[in-house]
Amino acid sequence: MENILIAGANGTTGKQIVNLINKSDHYKPIAMVRKQEQVAYFKDKGIETVVADLEQDVTNAFTKHIDKVLFAAGSGGKNVIGVDQEGAKKLIDAAQTNNVSKFVMLSSMGADNPEIHSQIQEYLKAKHNADEHLKASDLNYVIVRPGSLKNDDAVGKIELKNHFERHGEITRADVAQTLVQCLDDDVPNNITFEILEGSTPIKRAVFSLALTEVEV
């Protein structure tokens, strides 16, 4: 069983990620939460937690051996520099120091070119900078950039491309499934791709990356 540290575990998408990993036969979730009062939700489910604030020191998140990291944290627009950018950078650096074998990053469509998205430009710049920091690290990584997130039930199917010429939506549940699938060792390392709702089963879409040319 590999220990998977989930940053942003208490968020809407993060909770779905933790629950999926908790059902896995291959992984054990370690939910990273910001406040002590957030521990109870996971403790009641028998899920191990660690309290670490992305705006502070995150080194204690690695007091237990961590095999892989899944970053799904966000400030909800309240502190995009402190959390979405610098918090992500701190966790990337700590993961590298602790010899983590893979880092899966939840990013966003538009992070490759923030300047053309005026309404959320600062958020996308923060995501872009975090993504670039991960790419420049020595970590094996997968960066997943979904379209607009919605809270509908999981469909289990997506469309996956290096880059879409259109925008679109996708459920948080399907994003969570995609991110967890990317933890698999058979998914190529050091790739970035975008996802929208579509017609291809998630597992097939993600594993097709091993057969096609993807952006590095």
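**Figure 1. Helix 1 passes helix 5 in a right-handed crossing in this predicted model.** Helix 1, formed by residues 12-22, packs against helix 5, formed by residues 172-181, at an angle of about 50°, and the two axes lie 9 Å apart. That angle makes helix 1 oblique to helix 5. On the side of helix 1 the contact is built from T12, T13, Q16, I17, L20 and I21, which meet R172, A173, A176, Q177, L179 and V180 in helix 5. Sorted by class, the residues of this contact comprise 7 nonpolar, 4 polar and 1 charged.

**Figure 2. The second largest pocket of the predicted model has a volume of about 230 Å³.** Its lining consists of L20, K23, S24, D25, H26, Y27, Q177, V180, Q181 and D184. L20, Q177 and V180, which belong to this lining, also take part in the contact between helix 1 and helix 5 shown in the preceding view. Helix 5 gives the most to the lining of the second largest pocket, supplying 3 residues. The lining residues of the second largest pocket divide by class into 3 nonpolar, 4 polar and 3 charged.

**Figure 3. Helix 3 and helix 4 pack at an angle of about 10°, with their axes 8 Å apart.** Since angles under 35 degrees count as roughly parallel, that makes helix 3 roughly parallel to helix 4. From helix 3, the residues V80, D84, Q85, A88, K89, I92 and D93 enter the contact, while helix 4 contributes E122, Y123, K125, A126, K127, N129, A130, H133 and L134. The class composition of the contact of helix 3 with helix 4 is 7 nonpolar, 3 polar and 6 charged residues.

**Figure 4. The largest pocket of the predicted model encloses about 1100 Å³ of space.** Its lining is made up of 44 residues, and those closest to the centre of the pocket are A73, G74, S75, G76 and D84. D84, one of these central residues, is also among the residues of helix 3 that make the contact with helix 4. At least two lining residues each come from helix 1, strand 2 (27-33), helix 3 (80-97), helix 4 (121-136) and strand 7 (148-150). Of these elements, helix 4 gives the most to the lining of the largest pocket, with 4 residues. The lining of the largest pocket divides by class into 18 nonpolar, 18 polar and 8 charged residues.

Note on methods
Residues numbered from 1 in each chain as written. Predicted model: local features only at pLDDT ≥ 70, side-chain atom pairs only at ≥ 80, totals over all residues. Heavy atoms only, no water. Axes fitted to C-alpha atoms, helices over the stretch in contact; angles between N-to-C directions. Parallel < 35°, antiparallel > 145°, perpendicular 65-115°, else oblique. Left-handed = near helix turned anticlockwise from the far one by under 90°. Contact = heavy atoms within 4.5 Å. Nonpolar A, V, L, I, M, F, W, Y, C, P; charged D, E, K, R; others polar. 1 Å grid on protein atoms, 1.4 Å probe; cavity = no way out; pocket = protein on both sides within 12 Å on 5 of 7 lines; lining within 4 Å. Points joined across faces, edges and corners; volume = space filled by probe spheres on them.
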